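Reader: I'd like a close look at one small part of this protein, and then a walk outward from there. Could you take me through it in plain words?

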Amino acid sequence: MRENVKTIVIGTVGAGYAAYLHGNGYEKVSGIPIRLKTICDLDRGLAEKVKERYGYEQAVSDYSAMLADPEIDVIDIVTPPFLHCSMAIQAMQAGKHVICEKPLTGYFGKPGQEKVGRIPKGEMYREVLAAMDQLKAVVEDTGRKFMYAENFVYATPIRKAAQLIRAKKSKILFLQGFVGLKGSSSPAAGQWSKTGGGQLVRNGTHPLTGMLWLKQQEAQARGEHIRVQSVTADVGTTTACLTAREHRHIAAHPEDVEDYAAVSVTFSDGTKCLTIASDTVLGGTHNTLDVFCNDSALRCQITPPKLLDTYFLDEEGLEEEPLGEMLPSKLGWNTAFVSDEVIRGYMGELQDFMEAVAFDRAPASGFDLAYETVRILYAAYQSAEEGRRVDLSE
């Protein structure tokens, strides 16, 4: 541990799944003294479970009271996305640095809107930009750090790819990111008002953000300025054709969202990136990102990591031993997840964020990247609905 480094005091709001991902990351932070003080959730029972698991000092249900605590340096926001912007604004105006889970925000409807997914996507795009611009002004006015918890930026294969691109000063010509899984166990995943979109927002955002970050690394290494020029997209509901029996293996149940999306981004240097996201992929969670340059090809295999294959004839003794995500059984041959919190970047992002606060530097994943990702996501929805390329160069 470095000498004279102030202990960073953390307050986390939200006690769901992401609180455990971040808790696992905090456990592995090294060289920076941290203190997990407060976990806040309207459901005190959930908050108490997180408190006991990770050693927070107290569990509360009043967000305002947590913000008023002068000891807390960082507010870690792992609530549903519709709360992200408002909570971040409150936290920064209270003098706190902010960690915010993905996506930054989205369009979740207004009072009286029953079928949110049917709202014109151009209207959604404008509303989302306005909400992000409000937060942007607060980020700039307060000078507090906004740290965007996009784990793909910190995934070990992507970090290594960035290191190689910077060393060679390669020109990235084409990137392709793919995320596939069999759907979601949450009924909210099928409702636009709960998620701000479908599979593209829930999971496609990961490879998209990773590819945007890699283009930033290329631009910095080569002394270039590269921006997003346009977006073309296609989205749809591919499971609508299935009978109930045919649907039994797939957990995607879209009501007014998509279960498939393909988004092509054109950069100002004429290069491209393609994001493909599907909720209809069996066999576990698949996350890959391929980078094709003028002088190299880099293939990032994130999940499954292909480090350990397992074969079991029964599951005795394995009840509490996870092998991977979205696997229906542990029997037979499977590819197990190994050091998942490291490979997928959950450890790296919290380490970077704590160092950014401790040493007063910018995080690798910050507000600008969060803003650009959501801007592209909603331009993609507009493109798909209107059947045209959306120009973002202005």
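My starting point is Ser-339: is it buried, partly exposed or exposed?

Author: Happy to, with one thing up front: this is a predicted model. Ser-339 comes out as partly exposed, with a relative accessible area of 42%. You'll find Ser-339 in the loop between E14 and helix H9 (340-343). What makes Ser-339 worth a look is its backbone: phi is positive, about 50 degrees, although the residue is not a glycine. For background, most residues other than glycine have a negative phi, and most peptide bonds are trans.

Met-326 is another residue of this kind, with a positive phi near 65 degrees, and again not a glycine. Met-326 sits in the loop between E13 and E14. At 27% relative accessibility, Met-326 counts as partly exposed, because the cut-offs for that class are 20% and 50%. Glycine turns up with a positive phi here as well: Gly-95, which follows H4, has a phi near 90 degrees.

Now to the two strands that flank the Met-326 loop. Tyr-311 belongs to strand E13 (residues 308-312) and Trp-333 to strand E14 (residues 332-336), so their ring pair links distant parts of the chain, 22 residues apart. The two ring centres are 5.2 Å apart and the planes meet at 50 degrees, so this pair is tilted. As for the surface, Tyr-311 is partly exposed, with a relative accessible area of 46%, while Trp-333 is exposed at 61%. Across the whole structure, a search finds nine aromatic pairs.

Elsewhere, Phe-146, Phe-367 and Tyr-371 form one aromatic cluster. Tyr-371 also has a charged partner: Lys-136 lies over the face of its ring, at 5.7 Å from the ring centre. A similar arrangement involves Phe-267, where Lys-215 lies over the ring face at 5.2 Å from the centre.

Back to the backbone, going upstream of E13. The peptide bond from Thr-303 to Pro-304 is cis, with omega near -15 degrees. Pro-304 is in the loop between strand E12 (297-303) and E13. Another cis bond runs from Lys-102 to Pro-103, with omega near -20 degrees, and Pro-103 is in the loop between E5 and H5.

E5 and H5 bring us to helix H4 (residues 84-93). Seven of the ten residues of H4 are buried, so this helix is largely enclosed by the rest of the structure. The buried ones are His-84, Cys-85, Met-87, Ala-88, Ile-89, Ala-91 and Met-92. Their cover includes strand E5 (97-101) and helix H5 (121-142), along with strand E1 (8-13), helix H3 (63-67), strand E4 (74-77) and strand E6 (146-149).

Since you work at the bench, you may wonder about cysteines. The count of disulfides comes to zero. Take Cys-300: the closest cysteine sulfur is in Cys-293, 10 Å away, and a disulfide needs the two sulfurs within 2.5 Å, so the pair is too far apart for a bond. Cys-300 is buried, at 3% relative accessibility. Cys-241, on the other hand, is exposed, with a relative accessible area of 63%.

Two buried strand residues are also worth a stop. Thr-266 is in strand E9 (residues 260-267) and has a relative accessible area of 7%, so it counts as buried. Setting aside neighbours within four places in sequence, Thr-266 is in contact with Val-228, Gln-229, Ser-230, Thr-271, Lys-272 and Arg-389. Ala-59, in strand E3 (residues 58-60), is buried too, at 8%. With the same kind of neighbours left out, Ala-59 has contacts with Ile-39, Arg-44, Ala-47, Glu-48 and Lys-51. The C-alpha atoms of Ala-59 and Cys-40 are 5.8 Å apart, although 19 residues separate them along the chain.

Last, a pocket. The second largest one has a volume of about 470 Å³. It is lined by 17 residues, and those closest to its centre are Gln-216, His-225, Ile-226, Arg-227 and Glu-372. Helix H8 (199-222) and helix H11 (367-386) each supply at least two residues of this lining.

Conventions: Residues numbered from 1 in each chain as written. Predicted model: local features only at pLDDT ≥ 70, side-chain atom pairs only at ≥ 80, totals over all residues. Heavy atoms only, no water. Helix = DSSP H or I, 4+ residues; strand = E, 2+ residues; numbered from the N terminus. Buried < 20%, exposed > 50% of the residue type's maximum accessible area, 1.4 Å probe, protein only. Contact = heavy atoms within 4.5 Å. Phe/Tyr/Trp six-rings, centres within 6.5 Å; stacked < 30°, edge-to-face > 60°. Lys NZ or Arg CZ within 6 Å of the ring centre and 35° of its normal. 1 Å grid on protein atoms, 1.4 Å probe; cavity = no way out; pocket = protein on both sides within 12 Å on 5 of 7 lines; lining within 4 Å. Points joined across faces, edges and corners; volume = space filled by probe spheres on them.
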